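Hi everyone, thanks for letting me go today. Have a look at the sequence and the structure, and then I'll walk you through a few spots.

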Amino acid sequence: MCNSYLEYAAAGVSDLRPYQPGKPLAELERELGIRDAIKLASNENPLGPSPLALAAIREVLPALAQYPEGSAPELRALLARQLDLDPGQFIFGNGSDQVVELAVRAFAGPGTEVIVSQYAFAAYAIAAQASGATVRVAPARDYGHDLDAMASLLNANTRLVFIANPNNPTGTYLTAEALETFIDSVPSHALVVLDEAYLELMDAADYPDGRPWLRRFSNLMLTRTFSKAYGLAGLRCGYGIGHPDLMAALERVRQPFNVNTLAQVAAHAALTDHAHLQATLANNRQGIVALRDGLCNLGLTILPPAGNFTAFAVPGGGQRVYEALLLRGVIVRPLTPYGMPDHLRVSVGLPVENQRFLTMLGEVL
């Protein structure tokens with residue numbers, strides 16, 4: 001007889017719905033017996049990793065019997081130089097998702113509250129609910145963060161406020177003036193986590209970099225990742241930036257070897273490969289335009305493209321179109337888990353992949 005283990009789980013866990021990642025290519029090809037499928041579901045870099053990152057991985061392979069350096073000293077030093085920050089302002093995680101979890105572990109729990117936006121990245125609410133904290137969801141405005149609605153939820157029990165800029169999956173973003181005004185209104189007992197996972201891929205002239213605010217707000221943390229523009233999603237390496245005292249608090253709950261050796265050396269090398277990053281940005285600019293124009297030519301309503309993705313509404317519901325595209329070897333992301341059943345999200349691929357997606361979508365519609 002098997003126990004129902006959820007009966008014994010910590011408060012909040014039994015009601016959780018696990019995060020649903022994009023469908024893997026290999027899984028689709030096994031299920032349908034097809035080959036040459038394309039995945040435009042997870043906002044990955046279609047150019048792959050930097051050649052310098054791959055070379056760095058090969059060089060370090062003989063050392064894999066040894067534990068990694070937990071504080072990522074070389075990666076930390078390079079980021080500090082490139083971003084003109086103090087090395088003590090960084091913490092590293094197994095993806096930026098883990099940095100989010102570290103913040104929740106350190107500051108949230110039963111009796112506390114965490115504020116998120118409707119349609120925001122699901123990992124924030126999952127981590128908060130698993131900790132036993134109360135998740136307060138502010139209604140969105142035009143599919144994006146309504147900062148006034150979020151401010152109205154602040155109280156003495158608030159410990160964390162999550163803001164994704166740009167927001168995944170809707171692509172909305174906030175300007176510098178709006179963000180700075182909001183952060184200034186948040187009391188010191190609440191930490192604002194500003195997720196900048198797509199910062200390198202943003203072209204908008206009014207999109208802000210949060211670093212200047214770190215000097216003014218000690219209750220602000222930025223999160224960034226090597227999974228998107230740097231093409232290292234499979235290695236999982238992300239980081240947080242904040243006041244050294246805040247980082248020291250998070251270090252208390254970080255596992256000692258949480259970022260593996262391959263991830264550290266690959267991330268370090270990727271930061272030095274400016275040619276690969278520029279090629280990535282060029283492909284992304286072209287792809288965003290191709291997807292935007294193609295979707296509009298099909299008569300579809302799109303949300304503003306941002307980063308390396310765009311969401312769009314489809315007649316008759318997103319799930320039907322999603323499944324029909326799977327049969328044609330094209331994986332996109334259904335947004336039903338985000339409460340957007342009529343929408344799909346598509347990531348920028350290579351030019352031939354973008355065109356294949358648009359052709360197959362036209363057939364389905």
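**A walk from the sheet to a buried asparagine**

Okay, so let's start with one pair of residues: valine 192 has leucine 220 in β7 as its bridge partner. Keep in mind that this is a predicted model. Zooming out a bit, strand β6 (residues 191-195) and strand β7 (residues 220-225) run parallel, and four bridges join them.

Now the whole sheet. It's an open one with seven strands, in the order β2-β8-β7-β6-β5-β3-β4, and the pairing is mixed. So what stands at the edges? That's β2 (90-93) and β4 (134-138); each has a single partner strand, so one side of each has no neighbour in the sheet. From one strand to the next, the twist averages 20°. Packing on this sheet is helix α8 (residues 244-251), which touches β2, β6, β7 and β8 (238-241). The direction of α8 makes about 30° with that of β2.

Next up, helix α2, residues 51-60. Here Ala53, Ala56, Ile57 and Val60 are buried. They cover an arc of only 100° around the axis, so they end up on the same side of α2. Flip to the other side of α2 and you find Pro51, Arg58 and Glu59 exposed. And what covers the buried residues? Among other things, α9 (261-272).

Last stop: the loop between β1 (38-39) and α2, where asparagine 43 sits. Buried or exposed? Asparagine 43 is buried, with a relative accessible area of 1%. Its neighbours by contact include Asn168, Tyr198 and Phe309. The side chain of asparagine 43 also makes a polar contact of 3.5 Å with that of arginine 345.

Key
Residues are numbered from 1 along each chain as its sequence is written. This is a predicted model: local features need pLDDT of at least 70, side-chain atom pairs count only at pLDDT 80 or more; totals for chains, interfaces and linings use all residues. Side-chain values use heavy atoms; hydrogens and water are left out. Buried means under 20% relative accessible area, exposed over 50%, partly exposed in between (1.4 Å probe, protein chains only). Helices (H or I, at least four residues) and strands (E, at least two) are DSSP runs, numbered from the N terminus. The arc is that of the directions from the helix axis to the C-beta atoms. Contact means heavy atoms within 4.5 Å. A polar contact is a pair of N or O atoms within 3.5 Å; within protein, one must be able to donate a hydrogen and the other to accept it, and residues adjacent in sequence count only if both atoms are side-chain atoms. Two strands pair if DSSP finds at least two bridges between them. Axes are lines fitted to C-alpha atoms, for helices over the stretch in contact, and angles run from 0 to 180 degrees between N-to-C directions. Lists of a residue's contacts leave out its neighbours within four places in sequence.
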